[in-house]
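Hi,

Here is the structure I said I would pass on. Have a look at it first, and then read my notes below.

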Amino acid sequence: MQNLKLAVTKGRLLEDSIRLFEKMGLDCDELKSPGRRLIHGISNYPLEIVMAKGPDVITYVEHGVCAMGIVGKDTIMEQQSSFYEVLDLGFGACRFALAVKKGYDFYGSYKTRRVATKYPNVTKGYFLSKGMDVSIIKIEGSVEIAPLLGLSDGIVDIVQTGNTLKANGLEVIDDICPVSARLVINTAAMKLYKTQIIDFIDKCKKTLDQK
Ligand code: PRP
């Protein structure tokens, strides 16, 4: 049987992904001490784990070089790519929100609002749905800085504990939608390696149902 590749998002989702694999009975010894290696074997299951950044997980799955991926719904919504999203894995739960400097009246003026974000597509879609024209400023990380420096009137970002907002004197004024980690599958791989992929999805489901 061919080893399929599963791309897993590095950072926040990695620990929970490994926890899930272990509960599924997969040997994660190599994954738990990865060093600088980015592709890891699983000794007791025909799968290789590729560690990548969220947007790259989507690229690898969309191009079919990885049959499966674990990635946040936030990244999926932003990238708008084509693949099957088969399971909500439950972990990495947070939400998209609009936040401003504490007490700031975001809606209190007719002038075009400036919104800083790492997620321009999500932000555009959100304000379009409200029929509101905003100017979107793309930031690569720590977007909370933008309103503090006067670059923007607000930010659209993911909020998990709310600690980063609080520590920077910001507050949520609108919840946009909840997000969490998803299992995604390349559409051609789903047909070509159906038995193997369904076996993996079933194992995931059973393990998630045990919680
Ligand atoms: C995310 C997000 C917020 C923070 C929210 O950033 O962009 O900054 O986490 O989490 P909290 O509500 O628990 O404080 P991340 O840590 O992923 O890093 P980045 O800003 O460099 O992308």
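Let me start with Ser 142, which sits in the loop between strand E8 (134-138) and helix H6 (145-149). Bear in mind throughout that this is a predicted model. Ser 142 has a positive phi of about 45° although it is not a glycine. For context, most residues other than glycine have a negative phi. Ser 142 is partly exposed, since its relative accessible area is 47%. This serine also meets the ligand: one of the backbone N or O atoms of Ser 142 lies 3.0 Å from a ligand oxygen.

That brings me to the ligand site. There are 13 residues around the ligand, and those that come nearest are Lys 118, Glu 144, Asp 157, Thr 161 and Thr 164. Two of these have side-chain contacts you can check on screen. Asp 157 places a polar side-chain atom 2.6 Å from an oxygen atom of the ligand, and for Thr 164 the distance from a side-chain N or O atom to a ligand oxygen is 2.4 Å. On its own the ligand would expose 490 Å², and the protein buries 73% of that.

There is another non-glycine residue with a positive phi to look at. Gln 80 also comes out at about 45°, and its place is the loop between H4 and strand E5 (84-88). Is Gln 80 buried or exposed? It counts as exposed, because its relative accessibility is 56% and the cut-off for that class is over 50%.

Now the overall picture. The protein has nine helices and eleven strands, and its C-alpha trace spans about 60 × 35 × 30 Å along the principal axes. Of the 211 residues, 44% are buried. Among contacts with a separation of 6 or more, 66% are between residues 24 or more positions apart. The accessible surface comes to about 11,000 Å², and carbon and sulfur atoms account for 50% of it.

On to the interior. In soluble globular proteins, nonpolar side chains tend to be buried together. Here the largest nonpolar core has 33 residues, and the ones touching the most other members are Leu 6, Phe 21, Leu 47, Leu 183 and Phe 200. The elements that give two or more residues to this core are E1, helix H1 (12-23), E3, E4, E11, helix H8 (187-192) and helix H9 (194-210). A second, separate core has 14 residues, including Leu 98, Val 100, Val 156 and Cys 177.

Phe 21 is a good place to zoom in. Setting aside neighbours within four places in sequence, Phe 21 is in contact with Leu 6, Val 8, Leu 26, Cys 28, Leu 31, Ile 49, Ile 70 and Phe 200. Ser 17 is in helix H1, and with the same neighbours left out it is in contact with Val 8, Ile 70 and Phe 91. Ser 17 counts as buried because its relative accessibility is 0%. The C-alpha atoms of Ser 17 and Leu 151 are separated by 36 Å, with their positions 134 residues apart along the chain.

Helix H3 (residues 54-63) is another one to rotate. Its buried residues are Gly 54, Val 57, Ile 58 and Val 61. Viewed down the axis of H3, these buried residues fall within an arc of 95°, so they line one face of the helix. The general background is that an α-helix has 3.6 residues a turn, so residues three or four places apart point the same way. What do the buried residues of H3 pack against? Their partners are strand E1 (4-9), strand E3 (47-52), strand E4 (68-72), helix H4 (73-79) and strand E11 (181-185). Just after H3, Gly 64 takes a positive phi of about 85°.

Last, Lys 101, which belongs to strand E6 (residues 94-101). Lys 101 is partly exposed, given a relative accessible area of 39%. Not counting residues up to four places away in sequence, Lys 101 touches Pro 147, Leu 148, Gly 169, Leu 170 and Glu 171. Its C-alpha atom and that of Asn 3, 98 residues apart along the chain, are separated by 50 Å.

Over to you!

Note on methods: Residues are numbered from 1 along each chain as its sequence is written. This is a predicted model: local features need pLDDT of at least 70, side-chain atom pairs count only at pLDDT 80 or more; totals for chains, interfaces and linings use all residues. Side-chain values use heavy atoms; hydrogens and water are left out. Buried means under 20% relative accessible area, exposed over 50%, partly exposed in between (1.4 Å probe, protein chains only). Helices (H or I, at least four residues) and strands (E, at least two) are DSSP runs, numbered from the N terminus. The arc is that of the directions from the helix axis to the C-beta atoms. Contact means heavy atoms within 4.5 Å. A nonpolar core is a set of buried Ala, Val, Leu, Ile, Met, Phe, Trp, Tyr and Cys residues joined through side-chain atoms within 4.5 Å. A residue is near a molecule or strand if one of its heavy atoms lies within 4 Å of it. A polar contact is a pair of N or O atoms within 3.5 Å; within protein, one must be able to donate a hydrogen and the other to accept it, and residues adjacent in sequence count only if both atoms are side-chain atoms. Accessible areas come from the Shrake-Rupley method with a 1.4 Å probe; for residues, only the protein chains shown count as cover.
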